[in-house]
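Student: Hi! Could you walk me through this one?
Tutor: Happy to, here it is.
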Amino acid sequence: MKYLYLPIISLLISAVVFAQKKPVTENVIIVTLDGMRWHEVFKGVDPALMNDSVFTRDKEEMKNNFWAETVEERRKKLFPFLWSTVETKGSLFGNRKYNNNVDNANPYWFSYPGYNEIFTGYPDTAVNSNDKILNKNENVLEFINKQKGFTGKVAAFSTWDVFPYILNAKRSGVYVNADVDSLHFNTPELKLINDMQFLTTRPIGVRPDVFTYFAAREYLKKYKPKVLYIAFDETDDFAHAGMYDQYLKSAHAEDAMIADLWKTVQSINQYKDKSTLIITCDHGRGDKIKANWQHHGEKIEDAHEIWMAVISPDVKPGGEQKEDIQLYQKQFACCFKK
Ligand SMILES: [Zn+2]
């Protein structure tokens with residue numbers, strides 16, 4: 001069992017490209033929730049933070065939305081898709097209660113180094129800021145985009161406007177639509193989303209995640225990419241702002257968007273039962289010192305703790321993983337250059 005699921009994450013994409021094991025998977029969809037803690041993914045709303053008026057303005061509303069007696073009920077209220085469809089049809093990694101550990105291998109525990117690690121398969125000490133610097137490292141989306149039959153079939157939609165640099169859209173040729181990059185597509189739906197995204201209040205300084213999602217969904221329906229990446233961002237922004245209630249509301253909404261995405265995918269012939277869905281995050285946040293839930297980075301001792309979830313037609317569903325094991329973020333793409 002120990003090595004059974006390493007191929008899920010490490011070899012899946014190379015399997016798709018090279019058809020090494022004749023996988024059923026023909027499409028890969030990756031979704032990231034920026035700075036989403038494993039604590040809420042596996043334990044639901046944190047009662048200490050919910051009851052702290054510094055972080056939660058309306059405790060009653062949070063209680064009504066997300067509170068329940070048991071951890072299992074609480075996490076399902078917060079992430080109904082993860083704890084129904086993914087739990088029964090896929091696997092969830094990172095519950096440290098069972099020493100099922102997933103961690104950053106990079107030493108920085110913030111966004112750009114985390115996404116670099118996910119998509120290149122290596123932690124790189126030269127990638128150590130969130131500045132808009134074009135990434136020198138080749139990434140797995142770029143690699144796939146170069147393969148015969150995949151060129152122009154790889155797309156990324158992000159809320160954060162640093163992704164064109166992280167994925168080096170200029171060099172990689174991957175279509176990256178970030179923040180309010182115009183959607184130059186000739187469909188009424190994409191035109192409407194394009195108009196709307198310029199007129200929102202931008203509460204986190206970039207377009208809300210829901211616009212990133214709808215742009216990605218309508219693109220998927222129209223252009224049928226083989227690899228689609230969606231990068232949500234609101235959870236990290238609301239956490240930094242110390243707004244625990246908003247952080248949870250965004251997490252809940254993102255879970256619902258992933259549910260809607262999966263429903264869409266399963267309704268289209270190209271994708272139905274031939275798609276692998278991977279959900280993860282770029283870094284963790286603090287918890288040992290409760291107020292550090294807002295923060296991350298190398299000074300926060302537990303901010304390297306992350307999680308992953310996967311549904312794949314090539315992998316036997318395992319539900320919540322309870323095995324004592326150590327996984328790293330870099331394993332997501334580490335074998336793609338083989
Ligand atoms: Zn952050």
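Tutor: We'll go from the overall fold to confidence, and then to one helix pair; keep in mind that this is a predicted model.

Student: Sure. How many helices and strands are there in the protein?
Tutor: The protein has 14 helices and 11 strands. Its radius of gyration is 19 Å, close to the 20 Å that the globule rule gives for 338 residues, so the protein is as compact as a globular protein of that length.

Student: And what box do the C-alpha atoms fill?
Tutor: Roughly 55 × 50 × 40 Å, along the principal axes. Of the 338 residues, 56% count as buried.

Student: What share of the contacts comes from residues 24 or more positions apart?
Tutor: They make up 68% of the contacts with a separation of 6 or more.

Student: Switching topic: what is the mean pLDDT?
Tutor: The mean is 92, and 92% of the residues reach 70 or more. Over residues 1-11, though, the pLDDT is below 50, and that stretch has 18 contacts in the model beyond near neighbours in sequence. Where pLDDT is low, the predicted coordinates should not be read in detail.

Student: Noted. Now the helix pair: at what angle do α12 and α14 pack?
Tutor: Helix α12 (residues 209-223) and helix α14 (residues 244-266) pack at about 5°, with their axes 11 Å apart. That angle is under 35 degrees, so α12 is roughly parallel to α14.

Student: Which residues meet there?
Tutor: From α12, they are Asp209, Tyr213, Arg217, Leu220 and Lys221; from α14, Ser250, Glu254, Met257, Leu261 and Thr264. By class, this contact has 4 nonpolar, 2 polar and 4 charged residues.

Methods. Residues are numbered from 1 along each chain as its sequence is written. This is a predicted model: local features need pLDDT of at least 70, side-chain atom pairs count only at pLDDT 80 or more; totals for chains, interfaces and linings use all residues. Helices (H or I, at least four residues) and strands (E, at least two) are DSSP runs, numbered from the N terminus. The radius of gyration is taken over C-alpha atoms; the globule rule is 2.2 Å times the number of residues to the power 0.38. A residue is buried if 20 or more other C-beta atoms lie within 10 Å of its own, exposed if 12 or fewer, and partly exposed in between; C-beta atoms are placed from the backbone. Two residues are in contact if their C-beta atoms, placed from the backbone, lie within 7 Å. pLDDT is the predictor's confidence in each residue, from 0 to 100. Axes are lines fitted to C-alpha atoms, for helices over the stretch in contact, and angles run from 0 to 180 degrees between N-to-C directions. Angles under 35 degrees count as roughly parallel, over 145 as roughly antiparallel, 65 to 115 as roughly perpendicular and the rest as oblique. Ala, Val, Leu, Ile, Met, Phe, Trp, Tyr, Cys and Pro count as nonpolar, Asp, Glu, Lys and Arg as charged, and the others, Gly among them, as polar.
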